Amino acid sequence: MPADAITPLLLTLKVALLATALATVFGVAIGKLLGRKRSLLRDTAESLLTLPLVLPPTVLGYYLLVLLGRRGTLGGWLQENFGISLIFTWQGAVIASAVAAFPLILRAARAAFAAVDPQVENAARTLGLGELKLFVRVTLPLAWRGVLAGALLALARAMGEFGATLMVAGSLPGRTQTLSLAIYDAVMAGDDARAQTLVLICLITSVVLLIAAAQLLRRGRPERGA
Amino acid sequence: MKGVSLAIEKRLHADRRTFDLAVRFESAAQVTVLFGPSGAGKTLTLHAIAGLLRPDRGEIRIDDRVVFSSAQRIDIAARQRGIGFVFQDYALFPHLTVAQNVAFGLQRGWFNAGTRAVRCEQLAPFDLQPLAHAYPADLSGGQRQRVALARALAGQPRLLLLDEPFASLDAPLRTRMRSELLALRHRHDVPMIVITHDPDDVAALGGQVINLDNGRVVG
């Protein structure tokens with residue numbers, strides 16, 4: 001594998017994995033907060049939180065710039081107090097990918113938590129557990145398969161992130177240029193050989209991840225059924 | 001006064017229908033049977049006593065301790081009521097072994113006890129030792145019920161609630177489990193409230209019978 005192809009691959013994996021972790025933490029927490037009961041308020045909240053999936057990535061990128069940019073609410077505050085700017089950094093790419101992937105894990109997690117037998121959760125309550133411990137010891141272990149499936153979708157989405165990342169982090173070779181950005185860059189520059197190599201790497205990585213995911217989901221199946 | 005006294009009201013909405021629960025009774029008996037047809041509000045009443053359903057109005061006392069009172073704004077959480085509950089379908093934790101299920105309430109930490117590490121003295125009295133490492137899906141109906149009973153009694157509750165404990169058992173097993181339950185009551189000396197819609201259960205269990213119909217105590 002050519003050395004100049006490894007850098008975008010490693011960057012892609014780093015950004016996508018961190019973005020998935022970030023999206024999973026928030027997706028699981030908010031999925032639990034939205035809860036089992038359906039109501040106009042909860043369903044509206046879920047619809048609004050699903051927007052990043054529906055909107056064009058450029059719209060997402062625009063709003064992230066408005067928020068994180070030097071003159072943005074959060075960006076200005078970070079700059080002023082910590083001297084941090086997320087624009088044109090790989091950390092900015094993580095945030096863009098995490099926001100884009102978040103709705104997938106949120107929906108999967110909420111559905112998985114709703115599928116847990118409420119009576120089993122009630123049993124844990126009568127046995128003396130508070131809501132947080134109940135979540136860790138009962139709900140999460142019973143819903144993890146659905147959560148993991150959502151996390152894999154989120155990872156796939158984060159790996160392929162292009163539009164929002166380009167707007168927030170740019171396409172700086174070696175710094176923020178992930179595989180999908182590097183492929184676009186190579187094609188635009190007329191470097192067919194490089195584009196072909198990068199596309200192949202992208203394809204192989206995705207297939208390997210898919211197979212690993214299938215293995216993980218199968219191995220985790222409780223032997224005695226649940 | 002020992003025993004349970006309750007006077008509660010709760011309005012529930014489901015599919016544009018409303019159901020009004022307005023139950024009032026007192027019982028100092030060792031065995032109290034809530035008897036009535038399905039849909040009478042038996043399970044709702046039991047859940048209210050356990051703290052799993054919050055009444056709109058009223059008061060619930062267990063052994064003179066007020067666990068719920070709308071007037072005094074008291075609503076003790078289910079986990080602090082010290083009540084053992086045997087659910088209708090037993091509601092065992094499917095991801096935990098028999099030993100882990102029974103010991104669940106004894107460990108108050110953030111993690112479940114390891115499958116091998118868990119030690120539980122509560123298994124022997126219920127003949128569950130050979131099944132300690134089995135999962136609920138592998139158990140027969142009678143075995144599941146024993147696990148549910150052992151789990152509910154492990155924390156030495158001051159009241160045991162049982163929701164249709166025999167409904168999913170076949171007739172011969174039902175007879176056996178009834179006598180096991182009565183033997184258990186003597187051994188643990190814990191008062192119990194049992195839900196049933198089967199007159200044979202009422203005859204076998206004895207004690208005070210509360211008839212429920214359409215959300216109210218009748219007769």
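Reader: Is A:Phe88 buried, partly exposed or exposed?
Author: Happy to start there, keeping in mind that this is a predicted model. A:Phe88 sits in the loop between helix 4 (73–82) and helix 5 of chain A. A residue needs 20 or more C-beta neighbours within 10 Å to be buried, and 12 or fewer to be exposed. A:Phe88 has 14 C-beta neighbours inside 10 Å, so the residue counts as partly exposed.

Reader: What is notable about phi of A:Phe88, and what is its value?
Author: Good thing to check! Most residues other than glycine have a negative phi. A:Phe88 is not glycine, yet its phi is positive, with a value near 60°.

Reader: Where does B:Arg73 lie, and is B:Arg73 buried or exposed?
Author: B:Arg73 also has a positive phi, near 55°. Its place is the loop between strand 5 (65–69) and strand 6 (74–75) of chain B. Because B:Arg73 has 7 C-beta neighbours inside 10 Å, this residue counts as exposed.

Reader: Which helix gives the most to the largest nonpolar core?
Author: Let's look at the core first. In soluble globular proteins, nonpolar side chains tend to be buried together. Here the largest nonpolar core holds 114 residues, and A:Ala101, A:Ile105 and B:Leu161 touch the most other members. The biggest contribution, 16 residues, comes from helix 5 (residues 90–114) of chain A.

Reader: Which residues does B:Leu161 touch, leaving out those up to four places away in sequence?
Author: B:Leu161 is one of the core residues that touch the most other members. With those sequence neighbours set aside, its contacts are B:Leu46, B:Ile49, B:Ala50, B:Ile83, B:Gly84, B:Phe85 and B:Ile193.

Reader: How are helix 3 and helix 4 of chain B oriented to each other?
Author: The axes of helix 3 (residues 141–154) and helix 4 (residues 171–188) of chain B come within 11 Å and cross at roughly 15°. The crossing of these two helices of chain B is right-handed. Angles under 35 degrees count as roughly parallel. Helix 3 and helix 4 of chain B are therefore roughly parallel to each other.

Reader: How do the residues of that helix contact divide into nonpolar, polar and charged?
Author: Helix 3 of chain B brings B:Gly141, B:Gly142, B:Gln145, B:Leu149 and B:Leu153, which meet B:Leu173, B:Met177, B:Leu184 and B:His188 in helix 4 of chain B. The residues of this contact divide into five nonpolar, four polar and no charged.

Reader: What kinds of residues make up the side of chain B that touches chain A?
Author: In the contact between the chains, 22 residues of chain B meet 21 residues of chain A. The chain B side consists of 14 nonpolar, four polar and four charged residues.

Definitions and conventions
Residues are numbered from 1 along each chain as its sequence is written. Chains are lettered from A and ligands numbered from 1 in the order in which they are written. This is a predicted model: local features need pLDDT of at least 70, side-chain atom pairs count only at pLDDT 80 or more; totals for chains, interfaces and linings use all residues. Two residues are in contact if their C-beta atoms, placed from the backbone, lie within 7 Å. Ala, Val, Leu, Ile, Met, Phe, Trp, Tyr, Cys and Pro count as nonpolar, Asp, Glu, Lys and Arg as charged, and the others, Gly among them, as polar. A nonpolar core is a set of buried Ala, Val, Leu, Ile, Met, Phe, Trp, Tyr and Cys residues joined through C-beta atoms within 7 Å. Helices (H or I, at least four residues) and strands (E, at least two) are DSSP runs, numbered from the N terminus. Axes are lines fitted to C-alpha atoms, for helices over the stretch in contact, and angles run from 0 to 180 degrees between N-to-C directions. Angles under 35 degrees count as roughly parallel, over 145 as roughly antiparallel, 65 to 115 as roughly perpendicular and the rest as oblique. A crossing is left-handed if the near helix is turned anticlockwise from the far one by less than a right angle, and right-handed if clockwise.
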